[in-house]
Each structure stands twice: as C-alpha cells, then as structure tokens.
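Let's take a walk through this model together. Keep the picture open beside the text, and look up each spot as we reach it.

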Amino acid sequence: MKQARKRLEHRWQRKPDEVSLFAFKAFHRSYESAVKDAKKSYNSSLIASARSRPAQVFKIVRALTSPAPLVQNPATTALTAEAFQKFFTDKITVLRQELPPTVDTLSELETLWPLSGPIFDRFTPLDKEDVARILAVAKPTTCPLDPCPSWLVKSCLEGLLDPLSNTINGSLEQGVFPDNLKEARVRPLLKKPSLDPMTLANYRPVTNLPFLGKMIERAVLGQLQQFLDDTAGLDPFQSGFRPGHGTETVLVAITDELRRQSDSGVSALLVLLDLTAAFDTVDYDLMIHRLAMSGVRGQALNWFNSFLRNWSQCVEYMDQVSDRSPLLCGVPQGAILSPLLFNIYVRPLASLVRSFGLDCYQYTDDTQLLLRLEPGATSIPDNFTLCLEALSNWLRASRLKVNPVKTEILWHGHSTGLTQLLPTFNGAALSPSPTVKSLGVVLDSQLTMEAQVAAASKQAFFHLRQARQLAPYLSDEALATVIHATVMSRLDYCNGLYVGLPMSTSRKLRIVQNAAARLLTRTPMKCHITPVLQHLHWLPTDYRGLYKMLVLTFKTLYGQSPSYLRDRLSFSHHRRSQRPSQRDLLYVPGPREVHLERTRCRAFSISAPALWNALPPYMRAMRELGPFTLALKTWLFTRDFNLC
C-alpha cells in the first residue's frame, strides 16, 4: 500500500488535476486507516499476551510510549560489562571487609543446637501432580542460561514431566543443589531515568536465574514454609512473602497504633531502618546455624548448605558478557527461596527490639521500630538509646550494615523540644522528617495522608497520560487492561489507609478515577460521570477503600491475616444472640476509650468493627472469602448508586 500511495502521489505531482488529487487523498485515507488498524492489532496482541502480568504490561506501555532511540547514547556505550561486574563485586567485598566477625558472631556459631523440639530433616518426594502444580504457577521467565525457553517447557509439560520429576526429587533426596544451576546472569538497570547513566552507582543489579533451579526451589519452599508455619518458626510481626501478609497489613497495623497512641495523648516515634545490600551480605555460616536453630537438620540442612555455596555471577550489558566471579556471601538475588531465608536470618532482630519495650514490624529487609513516649515526657527514654546500641551490635555481629544517613524518623504527636535530645545511631545524628516513605506509602507526622494522596494521584495521572497516548491504537479490551494495570493499581494500593479521610483530601483520587473512566468509555467531559461508573461496574474510590477494609476485616476474623491484626479485633458479647441483627458483631470501643473523632473514623481497630457491624446479618454470617467479596461488592455498589 505504501508503494501504491507513492505512485498516486507522483501521478498527482506530474498531473495536478482534481481527479489525481481525489484519488491520492482517498487512497491516503485508506492507507492511514490500515496503518492505524495494524498498530491497534499489534499493540492489542502485546497487551493481551501480558494480561495476567501487570509488571509486563508496565514494560510494554513504557516501550510503546517511550521507544528506545535508534542511536545509543555515547555515554552508555562507553560502559562495559566488565566494569559493571567489577563494581558490583567490589561493593560487596568492601562491605564484607567492613563487617568482620565479632566476638558475638563466634559465640553464636558455638551455640549448641537444641536437642528437643520439632525437626525438619528430610524433604518429601514430589509426585507428578505436585510437579505439574509447581510448573503451572511458575512465571514463564527465561534466563539466557536456559537451554530452551520456559514457555516451551510449560507447553510440553506432559512429555517433560518424568525427567523434571526425577531431577527435582533427585536433588531433594541427595541433599544437593546442582552446581550447573548456580550461575546468575546480572543485568544493570538504571534506578531512575533522571540519574547520570555514566555513574555505575546509579544502576541496580537485576538477577536472572535458570528456570530449572527455580522449580527445585519451589519444591523446597512449600515444605519449608509449611514447617515454619506449623512450628511458629517465623516472627509473628514479619510480613515479607508470607501468605495472608503484605505491605498493607504492616501499614494498617502501624497507622492504627500511631492513631490510638495519639488519641491517648501519647507521642510516638517511628524509626525506619535502612540496610545496605542486605541480601548480598548474608553470612553462610550464620545462615546455616540459624536454619539449624529453627529445626532444619540432616539431609534438609545439607541441601541448604549446598544451595547457598559456590555461586557465581556474570554481567550482561549491551551484547557483552563479563567473566564469571564467585559469590562468597549473600542469598542469591532473584531466587525463590531468598526472601524466606532472609526472614529466618533476621528473626532474632525483632525479639531483641521487643526486649527493650519497642514494637518491631518487618517486611523482609524493611524494619520499622515504634517507640511510645509517656505524656509529659521531658527526655528520650533510656531504653531507646540502649535498643539502638544493641541493634547496632547485633547487625554488626550478623555482618549486616545499617545506613544511618538513610534511616528515617517520623515523630507523631507533640515533640515539645525532645527532637533535640535524640541519640546518635552508628555515629550519625537522628532527626525527624516531616514525611517518610514506608513500604511505598508516604506518611506525614499527623497522618493526614495528604502527601500520599498527592503522590498516588500524580503517579496515576502520569500513567493515565500514557494510556491516553496509546488509546487510538488499542482495542477496548487492551485499553481496559492498561488502565487497570497502570492507573487503578496506583489508586488501589494500600487504599484501606484512605478510609475516613475528608472529601477535600480524597477528591484527587476521585478525579483520577473519573478521568480513567471517561478515557475507557470515550465519554466527553460534559456528560455526568455516575452513569459511566455504573456502566463499568466500578466502585468510586471512597467505596473501594471501604471494600478493601471490610475484606481485610473478614480475613482477619477468620485466620487469613496476620495475628497482629487479629489481636486488634474482638467479637462482642452479642455474637451468640438469638436475634439475627445482633449476631457476629464486633466490639466497638466507646467514647471513654476513644476521644477524637478522627481516630474513630480512621483507626483500623475502631473503624473496622463499626463498618463490619453495619453489614447485613447474612453477610456477617458468611465464612468463605469468595462469596463474601461478591456479596460485599454488590452491596456497596447498590448503596452507592441507590439501586434497589
């Protein structure tokens, strides 16, 4: 069609009459329409291929809206794979030299393993159904070291099931992780587009591991996780990569505690620790020892010892591959088992912090300490200073490095000049910040959530502009996938924290949602938005927060959420009442216990019971999550749109 268009254009240029011009314009319109249809078909097929993988949708949208330049930046071409390899390895080597074993390290390694208690000494072999289930949930990510693409392995599962089962079970029974699967392929990724691409420190290593090794890890992960759950082998306040736990449960618990303390007239101090390359500096001997102290012994412990040691890595950058370098410490980045192993590694930290009277919340390597100050306090409690000293000594003994410069502090309540009396931490002065970023959420000193709402709205609008740019070249279904993955996900992240916010604060979120709905349905601004939301079956942002809060309450009541949230809720004495309207009610603290209206509207331990009690009796009586979520959305949708 392009050549035909050129011929018509040349014909019109040679003979500029109305007939030639009309033919050229008509064919040009059909050509542009065909190009647009081809783009729409191609882009929509790309989005459809990643429909169930939001991270991949992000990458596709970024590539379509910001295509890579045809000519490489000379600054980036000057860097080499060997330079990145040297930088990444030297960084860990220097950290390792700065953190030699201490007396406490050697003393811990000499501690005898307990002779009593539950023991996990061998793995249970997997049958073919178990292996098929593991492969079904595995992401089809492919490493350059794989002999064939992972999607091909998943599609040919029936023919490969026997050899895969034999390989996985052979590794578990022999207590050995294959050495040929211990090579990591690292790709440097610029942390932010605005950073200098010539500075190696502005890149983070993204590790890719062989697919077969990840399958073996998944087989081990399920059995180790089950053992730790049965024996309470993990700290109850550790929420990283555990079923029913997440960043939102941590933040709900922290903000609830801060609001309850503020309601009682007590100030509180939230300390957010920053660990430098925490996963990469894990000590092998300490890791094996702490696994053994958790009850892992025998052939299972031998397998973990084999899995941790003798790894190597090489860097891949712009068609270059560096030489391999051995890894002398750390749990492999990108490995399936690494988060759980790190949770075991840092379990003693939380117990140490709580021994000084502070609360400790963890999400893998993100650790947050909560200190309560008595009303009228004129000095910082000594236990806080002692806790920081003990914490610093424990981290040094565990060969982990805390970065005191990046450690943040949020002071919630009245400081009355106490901020000047804060102790030092690892030689650095501690100073409260007006806002801190905790697990992706911006918290301010008064917990107004204004900074978080502004940040979430700004990010959502950015992705909405990208979606608007692609809208002419996407099908309706593909556009809906993009909007849900990039825009609505920003509005829904931790939106349970938005419950009870004033309309002046939450209005920004509603504006973003309305704009997304108009874009998806091609609705002009002059049309009212309520019928559009009703047509899409979208709950408004305020009701989406209520939905998240009530679903979290249901999970908490019936053992699908962390115990630290379950302890904040209790059933009232009317639970076994003969009256249906008074069954399954939660206890709501009264005015004598809660003084401030904003606490009653926003604190989880107060607002969640009140919202739960407002549900119809038949919904409170449900015990299965699926039917409850469906009934809850229908009920909220009916209430918001006044449907009968």
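Does Asp319 count as buried or exposed? Asp319 counts as exposed, because its relative accessibility is 84%. Bear in mind throughout that this is a predicted model. You'll find Asp319 in the loop between strand E5 (311–317) and strand E6 (320–321). Its backbone deserves a look too: phi of Asp319 is near 65°, a positive value in a residue other than glycine. For background, most residues other than glycine have a negative phi.

Now hop over to another loop, the one between helix H18 (476–492) and helix H19 (503–521), where Cys494 sits. Cys494 isn't a glycine either, and its phi is positive, at about 55°. Its surroundings are another matter: Cys494 has a relative accessible area of 2%, so it is buried.

One more loop residue is worth a stop. Thr364 lies between strand E8 (359–363) and strand E9 (366–373). With a relative accessibility of 3%, Thr364 counts as buried. What does Thr364 touch, leaving aside its neighbours within four places in sequence? Its contacts are Gln238, Gly240, Phe241, Phe279, Pro339, Phe342, Asn343 and Val346.

Time for some helices. Start with H12 (residues 284–293) and H13 (residues 298–308), whose axes come within 10 Å and cross at roughly 160°. An angle over 145° counts as roughly antiparallel, so that is how H12 and H13 run relative to each other. The crossing of H12 past H13 is right-handed. On the H12 side, the residues that meet H13 are Tyr284, Met287, Ile288, Leu291 and Ala292, while H13 brings Leu301, Phe304, Asn305 and Leu308. Sort the residues of this contact by type and you get eight nonpolar, one polar and no charged. As for the spacing along such a helix, an α-helix has 3.6 residues a turn, so residues three or four places apart point the same way.

Further along the chain, look for H15 (residues 347–354) and H16 (residues 382–397). Their axes also come within 10 Å, and they cross at roughly 165°. That makes H15 roughly antiparallel to H16, and their crossing is right-handed. Here Pro348, Leu349, Leu352 and Val353 from H15 meet Cys387, Ala390, Leu391, Trp394 and Leu395 from H16. Which kinds of residue make up this contact: nonpolar, polar or charged? The split is nine nonpolar, no polar and no charged.

Next comes a helix with plenty around it. Why can H24 (residues 604–613) be called largely enclosed by the rest of the structure? Because seven of its 10 residues are buried. Those buried residues are Phe604, Ser605, Ile606, Ser607, Ala608, Pro609 and Trp612. The cover over them includes H11 (247–263), H21 (541–557), H22 (563–566), H23 (597–602), H25 (617–620) and H26 (625–641).

Let's pick out H21 from that list. H21 and H24 pack at an angle of about 95°, and their axes are 10 Å apart. The two helices are therefore roughly perpendicular to each other. From H21, the contact takes in Leu546, Met549, Leu550, Leu552, Thr553, Phe554, Thr556 and Leu557; from H24, Phe604, Ser607, Ala608, Leu611 and Trp612. In this contact, 10 residues are nonpolar, three are polar and none is charged.

Zoom in on Met549, which lies in H21. Its relative accessibility is just 2%, so Met549 counts as buried. Leaving aside its neighbours within four places in sequence, Met549 is in contact with Gly496, Val499, Phe604, Ser607, Ala608 and Leu611. Measure along the chain and Met549 is 54 residues from Asn495, yet their C-alpha atoms are 8.3 Å apart in space.

Our last stop is Gln223, in helix H10 (residues 211–231). Is Gln223 buried or exposed? Gln223 is buried, because its relative accessible area is 17% and the cut-off for buried is under 20%. The side chain of Gln223 reaches the backbone nitrogen of Thr124 at 2.7 Å. Setting aside neighbours within four places in sequence, Gln223 is in contact with Phe120, Phe123, Thr124, Leu126 and Leu172.

Notes. Residues numbered from 1 in each chain as written. Predicted model: local features only at pLDDT ≥ 70, side-chain atom pairs only at ≥ 80, totals over all residues. Heavy atoms only, no water. Axes fitted to C-alpha atoms, helices over the stretch in contact; angles between N-to-C directions. Helix = DSSP H or I, 4+ residues; strand = E, 2+ residues; numbered from the N terminus. Parallel < 35°, antiparallel > 145°, perpendicular 65-115°, else oblique. Left-handed = near helix turned anticlockwise from the far one by under 90°. Contact = heavy atoms within 4.5 Å. Nonpolar A, V, L, I, M, F, W, Y, C, P; charged D, E, K, R; others polar. Buried < 20%, exposed > 50% of the residue type's maximum accessible area, 1.4 Å probe, protein only. Polar contact = N/O pair within 3.5 Å; in protein donor to acceptor, adjacent residues only side chain to side chain.
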